[in-house]
Structure formats: structure tokens, C-alpha cells
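Q: Got a minute to go through a model with me? I'd like to talk about how its parts meet.

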Amino acid sequence: MSKHPRQSDWEENTLNKSLARCPERQPQFSHHGGSETPRLALPAEIDDHYLDTLNFPGSYPYTRGVQPTMYRGRLWTMRQYAGFSTAAESNRRYCYLLQQGTTGLSVAFDLPTQIGYDSDDPMAMGEVGKVGVAIDSLADMEILFDQIPLNKVSTSMTINAPAAVLLAMYVAVAEKQGVPAAKIQGTIQNDILKEYVARGTYIFPPRPSLRLITDIFQWCTAQTPNFNTISISGYHIREAGATAAQEIAFTLANGCAYVQAAIDAGLDVDVFARRLSFFFNASSDLLEEVAKFRAARRLWAKIMKERFAAKHPASLMLRFHTQTAGSSLTAQQIDNNIVRVTLQALAAVLGGTQSLHTNSRDEALGLPTEDSVRTALRTQQIIAHESGVADTVDPLAGSYFIEAATDRIEAEAGALIGRIDQAGGVIACIEDGFIQRQIENSAYAFQCQVESGERIVVGVNRFQTDEEVGPPLLRLDPAVEEEQVTRLQAVRATRDQAAVDATLSQLREAAGGSANLMPLILEAVKAYTTLGEICRVLRDIFGEHRDKGYL
Amino acid sequence: MTYTTQKNRVLIGKAGLDGHDRGAKVIARALRDHGFEVIYTGIRRTPEEIAAAAIQEDVAAIGLSSLSGAHLRLFPAVVEALRRAGAGDIRVLGGGVIPAEDIPLLQEAGIIEIFTPGTPLERIIAAFTEACASHRSGRSL
């Protein structure tokens, strides 16, 4: 049978170019015994339906992946989310993770930082250093990345409402290391819309928040071209109880809102869209999850092409990070969680993720210990180097089940996005609670199935054992809050207060107008103005959002 | 002795900065399905706001949820705020990611029961039923 002309065309123009730019990890991939592992398994006959719906990897609509060789070229980034207590403690954990073979950093900030409060703010009481690291000023950020070369490491920061401030601090630290902004690599989450429906670390109302986001898009395009300016996140929507199709629908609907806002602000879609990235959840429902990732890629490519008239291939590709499902972990028989995480991580890899965080076995009980973090990382390394699934591209393609599930999720998510559009868009649907109620209904239905025993959770409603002695937990030093406050006050006492006041009054004036706020925020952090001081000014001008508690 | 209402009336509260309210909402829904009147505060309330809402809504019991590790500061602060407002008879229960060794500390501070992950809803509903009954009968804590 002769080769389809489109296949020859793909090999010549897509595959060979990619191989020239980025050779595969090994000259040959084979099974034990020598049989070669094919790069890409294809149907016996390539027809129009195949080309329209699946096509070759690295080609529209990207169902089979965004790279022509996927993990044969480069493995996904193994990026473990970490951060707790003080900057010095977290820096120690990052150095440990890098030494163990993690390939990207992922910073967890504590809740006061995420919500724009300094550690000595009354609102921060009890929360300092708990779920992440406390960052009040550039001084903390300098400690956080001490001895970590920011020209080599890529850093993901889970920061949303005050993303501009933390990004500015990162840029300032890089400059102090002699690394120009143009060289830094990483991602800021910067996805405020999902905070209103899940996760909850909003500060300002939706509209001024979108202005901050488009300011970041614009500034980063010129200043930090290798930095992903947003990570549009379904992860937390899923954790809050959404189904797979709802996760995709609400995430891509949020994505549409950001793209539209940027276009409305005068930006060129083919300039900023390549810096958009996504973040999804991987649950234990292995096959549905693989289909979900494939459906998301295809649906987003169509949206970008048809709705936003994007032309450049990089604008159409949905690149994503995955984290295994925290809400699936049980406090009972915690070693079982290692197996859950393995299934979930496998789903992410079979679904073509660009980077992956694997949860630790003890996270239903508290922050993970160093030992359990290492096992979580080893799980990825075993999938990468022992399972063989990374040696071929999109291995489940063509399975009747997978393709049907991919079609179904794409259709369900597309229909839900259509409903949101008809109801006035995602902001209107957040404001009237439509999205919150959809998620909550799914969460409640799931829990009712667990309660009735219809859905089995091993160790929780079946196969229970009398619990053994509790495992060792990571306990935070209760003095962390006090220590952090002392350090913050020392910064306030030694900085040039006049410079701080000047940056704040400039920021106040600009926030009331329409100028891009990023340059002013960068000046402010360089003067050691604190996160809380910057956010207080913005709170004054933009106002604050308050949760209505939809039930 | 104060007689409040025939129907069991409770408030589910999220204190502090933690935004994880899947569990809180599931419990609110389950209580509602079992005949309770339920008020949900929404996320990110201060202990004082939760106490004030509970008093204003005339509830018999409060269920607090925290997954961020701030429970040792926040749960007792709600009890304190209730007592200061003369509403120390409102029962306070709590749940979330709470290490076993913290449970006695919270009980000493006046939180009558703590639920950890995996607790069957049935048990939680029974505890709220009991809390409301003891509140109605005016039994002291």
C-alpha cells in the first residue's frame, strides 16, 4: 500500500524538522528481545476521517499530541509542587528535589501571600507558612531562590490574584543573579476566573482582575518571551467536584474569556496565544482521563482557529501541566495512594502532558514528608524509564473506546461552552452562580454514590482495616509566623521609605487609569515595597470580591 | 433555657483564608436533605463574622471546615467570639485535614466533635442531630 500523500508531507515538513531541531532520546527504542517500538502506530489505511479528527502528532487538531515525536524527543517536565514555612526552608526542599532529578520547580505560596496579605496582617492569623511559603517582600524571594540558577531552572508559580507582584519579584531576583528577564523560563498560574468558582484565592472583582492579566500578557510578550503568562486551570475545578467534561468546558470557557480580553485590549492573538498554557487534573478513571486530554487539545485547537482566527500553529496548541487528583487520596491505608497516583500519572502521560506533578501518599493527612515526595517523583521516573509508554506517541489512539470517549467529552464540553456563551459568557455565569452550582451538583452526586456504596473507594467504604499507627507527618514549627513577622519588620525598618511611598503613590494613580501596571509594580518590589502594601493600594482602587456561598 | 426552633437550624462556616469548600458544601447539602435548615457562610470569613452570622441566624450549631492547617487558631477563635457575644450555648463542630494529635486540643477549646477525611455522612448528620437536641434542651457543655 502506498503512503498517503499527507503522511509523506508530515514526515518531510513536520517530523524531519523536529528531529533536526530536537533529536530523539535514543537512536532506537525497542522491547526486551529487540523488537523495535514504532514511533507512531497508524491505522492500516489513512482516510479523511482520520486526518480530520486525529491527524499526525504535531498537526492540527493536535489530538495525538503537540509534538511530532512527543516523549521520544524529550520527556515531560517532572515538576513537583512544593513550598512551606519560610523561604529558607522551602529553598532547602527545592535544592533536595533538584538533586533527586526533578526538572522544574513549582512554588507553593501560603494563603496570605496568595491573597495579598503581609504576614503581620490580622487576616493572616494562623495561616502563615502553612500551605506554602510566606513571601512578603523581595528579601524573601532572594532567599527562596538562593543558589538556584534562574537561567537554567524553569519555575512554575501557583499565584493568581497577585501574580504581577510575584512575577516582578522573580524578575528582580533574576536580575540580581545577572540573568536578564528575557532569559527566565517558567509559568505563573495567573488564572483568576477559576478562583471565583473553585480554590478561592481571589482579591479583586473579575473585571479589574482581567485588566491585570492583560497587562501581564502585554508586558511579558516584550520582556519575558520564554515565560508562560497564564496556566488556565481545570485542576481545581475538578478537585471541587466537576466531571471530566465539566473540567474541560469550564477551563476552556475561561480560556476564551482571557483570549477575548487580550484581543479587546488590542493584543495580536498570534503574538500572545503561544504563551498560554493549561493545567488539568488526572483522576484514577484512567481511560476517561486519557480521552479527556485528547478531547481538550482538539477542542481548543478548533476554538482558537475558528473563533479567534488564530493562524500560527503555536497559537492552536494546547500545552498542559497535570497534577494527580489530590481529592482521590484517602487518609485510610495511605500506601494505597501510591497506586492511585501511579494510575493517574499514567493517564497524564498517555494523554500527552507536557509536565507532571505526582502527589505524595500522605497528603490526605498533611504536608508531605521528604520520603513520600521522593516516592512520588520515583513514580514518574518509573513510568518514564521502565514502562515503555514514553517510547511511542499516543499509544491508545485508534482504540474504539478511547476514540468514542474522546468524541463524547469533546461534544459534552463543547455543548456546555455553548450554554455559557448563550448565558452571556463566563463572567456572567460566575456572577450568577451557574458554574458553582454545576460543580457542586456533581460533587454531591459523587459523594452520595460513595455513601451508598455504589462507588467503591478502597479502604474507605470497602476493604477497611483497623488502622495501624499513624505515619510520620511533617509538622511545621509553630514559631514560623513570629519569625516571618520579625523578618518583615526588619525589612520595613531598613528600606528607603521615601522610595517605597513614591512607588505606591505612582501605582495608585496608574491603577485608576489605564496604563500598564507591570513596570510600576516592578519598581515597587525593587524598592522592597511589600506584597501587602502593593495589594492594599490595588484593593483601594479596584475593590474586593466577596464569595456569596452558593449552595 | 432557650427554645429556638423546632427545625434543626445550623450554620456551615469556612474560617480563615482556605478556599476548599467541596466538603463543607457536601455536608451542607446532606444536612439539608436530612431536614436541617442550613446556612452556608461562603469562604474566607473571619471567626467574628462566623459567630455574628450564627447569632443572627439563630442556629443551634456551627460546623467549621478547614483544610489549610489553621484550625488550631481559627476554630477556638470562633468559640471565643460566641462566648464573648453571650452565645456560648451554640454548639461548635469541625472537620477537615486535622492531625489526630490536634483533636484533644480542639475539644478542650470547646469544639465538641472533629471529623477527619473519610467520615461517613451518616455519622456527621447524627452528630449534628445530637448537637441540636442538646442545644434545645439547654444542656450545658
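A: Sure, here is a quick chat about the interface and a pocket.

A: This is a predicted model, so to speak of local features we need pLDDT of at least 70, side-chain atom pairs count only at pLDDT 80 or more, and totals for chains, interfaces and linings use all residues. Residues are numbered from 1 along each chain as its sequence is written, chains are lettered from A and ligands numbered from 1 in the order in which they are written, and side-chain values use heavy atoms, with hydrogens and water left out.

Q: How many residues of chain B are in contact with chain A?

A: 35 residues of chain B touch 41 of chain A, where contact means heavy atoms within 4.5 Å.

Q: Which residues in chain B lose the most area to chain A?

A: B:Leu17, B:Arg22 and B:Arg44, together 26% of what that side buries. The area buried between the chains is about 3,200 Å², meaning accessible area (1.4 Å probe) lost on putting the two together, summed over both.

Q: And how many salt bridges across the interface?

A: The rule finds 3, taking a Lys or Arg side-chain nitrogen within 4 Å of an Asp or Glu carboxyl oxygen. One of them joins A:Glu481 and B:Arg73 (3.7 Å, N to O).

Q: New topic: which residues lie nearest the centre of the second largest pocket?

A: A:Ala331, A:Leu365, A:Glu467, B:Ala100 and B:Thr116, out of 24 lining residues. A pocket here is an open set of points on a 1 Å grid over the protein atoms alone, where a 1.4 Å probe fits, with protein on both sides within 12 Å along at least five of seven lines; lining residues have an atom within 4 Å of a point.
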